[in-house]
Amino acid sequence: MRIIREIHQIAGAFRRPVVTIGNFDGVHAGHLSLLQLMRQEADRRNVEAVLVTFHPHPLAVLAPDRCPALIQTLEQKLEIFANAQLDGVVVYPFSRELSGLSAEEFVRDILVRQLGMSAVVIGAQFSFGRNRRGNTKLLREMGTDLGFDVIPAVETESAGEVVSSTRIRNLLMAGELETANRLLGRPYAVDGQVVGGLKIGKLIGFPTANVESPINLLLPSGVFATTLLTGGKKREGAANLGIRPTLQTGEPLSCRKRILEIHLFECTDDLYGSAVRVDFHRMIRFECSFPTLTELIAQIRCDVDACRSYFRQQSNDG
């Protein structure tokens with residue numbers, strides 16, 4: 001899959017491709033259905049399937065206070081796009097200058113003249129360009145004049161609701177992981193690096209790998225059944241995400257940052273400095289404070305048992 005990140009590289013990069021446009025945050029089941037349709041149409045025409053996306057998120061440039069927390073990083077999205085067998089992705093640098101383009105200018109100057117698209121696959125609710133004027137109706141009108149086809153994608157529904165990034169984001173923030181994962185088509189995941197900690201977990205009998213991620217996790221503070229992937233090995237564990245209110249760290253609760261720490265069931269390796277991916281499978285409970293360290297340790301034992309039971313059940317069902 002060819003990835004283009006510079007505007008000057010677009011012209012002539014592809015041969016009359018079938019194109020789709022969007023932010024694709026989360027690359028959920030609805031997105032994957034659209035990408036499959038684009039791939040099929042490109043194969044039918046014997047041309048390339050090319051996705052156009054924007055980075056950073058438009059609202060991060062135009063209205064940072066209204067920009068939603070992102071479900072995944074750009075690199076995670078690119079990995080999924082590659083697995084969807086796309087031929088190319090144009091990561092268009094979003095700027096205030098670009099936001100000033102009308103939908104007509106964007107289609108004519110970028111998608112047709114530079115990219116040379118032969119067809120565009122688009123969802124019924126998607127819109128783009130200044131004042132969000134770009135939609136299926138406008139594309140059909142312009143396609144007649146400029147010589148490209150418009151292929152509408154049917155929206156994917158679950159439980160009577162359209163699958164959307166907003167819906168998944170809300171589910172994650174509520175801790176409804178299993179429903180969110182079903183709509184994503186895979187576990188919610190974060191990439192990060194194992195960093196040093198206070199070694200408190202080891203002292204109380206539950207050593208942990210502390211993972212630092214470049215993005216804020218959308219999940220509420222609590223305990224989760226997770227798997228950690230590094231070096232080609234996937235390890236099951238129990239993760240705690242939060243400020244650890246029971247522990248005396250010398251830092252006021254109001255000043256503490258949330259920490260992601262994972263107790264791995266079958267791992268004695270030193271993972272310090274390792275790049276890892278953490279998949280979140282089920283939320284076990286919300287974070288809370290315990291009167292004593294002894295009561296916290298007892299609860300951790302219960303949490304670990306609950307996570308082990310979850311993975312055993314998944315193995316039996318699988």
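F280 is a buried residue here, with a relative accessibility of 0%. The model is a predicted one, and this briefing follows its aromatic rings. There are 10 aromatic pairs in the count, and two of them get a closer look below.

**Y188 and F280**

- The ring of F280 pairs with that of Y188 in a tilted arrangement, at 5.9 Å from centre to centre and with 35° between the planes.
- Why tilted? The angle of 35° is neither under 30 degrees, as stacked would need, nor over 60, as edge-to-face would need, so the pair falls into the remaining class.
- Y188 sits in strand β9 (residues 188–195) and F280 in strand β14 (residues 275–286), so this contact links parts lying 92 residues apart in sequence.
- Like F280, Y188 is buried, its relative accessible area being 1%.

**F265, F311 and a charge on top**

- F265 and F311 make an edge-to-face pair, because their planes meet at 75°, with the ring centres 6.4 Å apart.
- F265 belongs to the loop between β13 (259–264) and β14, while F311 is part of helix α10 (residues 293–317), so the pair ties together parts that are 46 residues apart in sequence.
- Buried or exposed, what is F265? At 12% relative accessibility, F265 is buried, and F311 is buried too, at 8%.
- F265 also has a charged partner: the charged end of R308 sits over its ring, 4.3 Å from the centre.

**An aromatic cluster**

- Which residues form one aromatic cluster? The members are F54, Y92, F94, F106, F126 and F128.

Definitions and conventions. Residues numbered from 1 in each chain as written. Predicted model: local features only at pLDDT ≥ 70, side-chain atom pairs only at ≥ 80, totals over all residues. Heavy atoms only, no water. Phe/Tyr/Trp six-rings, centres within 6.5 Å; stacked < 30°, edge-to-face > 60°. Helix = DSSP H or I, 4+ residues; strand = E, 2+ residues; numbered from the N terminus. Buried < 20%, exposed > 50% of the residue type's maximum accessible area, 1.4 Å probe, protein only. Lys NZ or Arg CZ within 6 Å of the ring centre and 35° of its normal.
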